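Student: I am new to this structure and should like a close look at a single part of it. Please set that part within the chain as a whole.

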Amino acid sequence: MARDMTDKDILKMELDQLKVEVNTPRIAVSTTAPEIIAFVEEMSAEDPLIKGVPEDKNPFKEKGGCIIT
């Protein structure tokens with residue numbers, strides 16, 4: 001995509017992105033960290049990466065093996 005754009009177009013895109021970022025509200029990590037920790041601990045009971053996926057609901061389980069004779 002950037003190959004088809006002039007330098008001026010690329011700089012305009014970057015400027016537009018910086019304008020969006022400068023208006024994004026910022027919150028200190030020290031304020032949000034306890035909220036994030038509480039959320040992660042609350043959701044950990046439902047997290048398939050921690051709890052695992054039941055065999056009957058696992059879409060990636062092997063349906064059959066390959067037999068080479």
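Tutor: The answer that follows turns to helix H1 and then places it within the rest of the chain.

This is a predicted model, in which local features need pLDDT of at least 70 and side-chain atom pairs count only at pLDDT 80 or more, while totals for chains, interfaces and linings use all residues. Residues are numbered from 1 along each chain as its sequence is written, and side-chain values use heavy atoms, with hydrogens and water left out.

Helix H1 covers residues 7-22. Helices here are DSSP runs of H or I with at least four residues, strands are runs of E with at least two, and both are numbered from the N terminus. Within helix H1, Asp16 and Lys12 stand four residues apart, about one turn of the helix. These two residues form a salt bridge, and their closest N and O atoms are 3.2 Å apart. The term salt bridge requires a side-chain nitrogen of Lys or Arg within 4 Å of a carboxyl oxygen of Asp or Glu. By this rule the count comes to one salt bridge.

How exposed are the two partners? Accessibility is judged with a 1.4 Å probe and protein chains only: buried means under 20% relative accessible area, exposed over 50%, and partly exposed in between. Lys12 counts as exposed because its relative accessibility is 52%. Asp16, at a relative accessible area of 33%, is therefore partly exposed. Leu11 also has its place in helix H1, and its relative accessible area of 55% means that Leu11 is exposed.

The charges of the chain can be viewed more widely. The chain has 9 positive and 14 negative side chains, and the centres of the two sets lie 5 Å apart. In this count Lys and Arg are positive and Asp and Glu negative, whereas His and the chain ends are not counted. Each charge is placed at NZ of Lys, CZ of Arg, CG of Asp or CD of Glu.

Helix H1 belongs to a chain with three helices and zero strands, in the order α-α-α along the sequence. Helix H2 spans residues 29-43 and contains Ile36. Ile36 counts as exposed because its relative accessibility is 51%. Together with Phe39, Val40 and Met43, Ile36 forms a nonpolar patch on the surface, with about 380 Å² of accessible area. Patches consist of residues with over 30% relative accessible area and no salt bridge, with like charges joined within 9 Å and nonpolar side chains (Val, Leu, Ile, Met, Phe, Trp, Tyr) within 5 Å. Accessible areas come from the Shrake-Rupley method with a 1.4 Å probe, and for residues only the protein chains shown count as cover.

Distances show how the chain is laid out. The C-alpha atoms of Leu11 and Ile68 are 57 residues apart along the chain and separated by 59 Å. Ile37, which lies in helix H2, has its C-alpha atom 50 Å from that of Ile68. The C-alpha trace spans about 65 × 45 × 15 Å along its principal axes. The chain has a radius of gyration of 24 Å, whereas a compact globule of 69 residues would have one near 11 Å; this radius is taken over C-alpha atoms, and the globule rule is 2.2 Å times the number of residues to the power 0.38. Buried residues make up 3% of the 69 residues.
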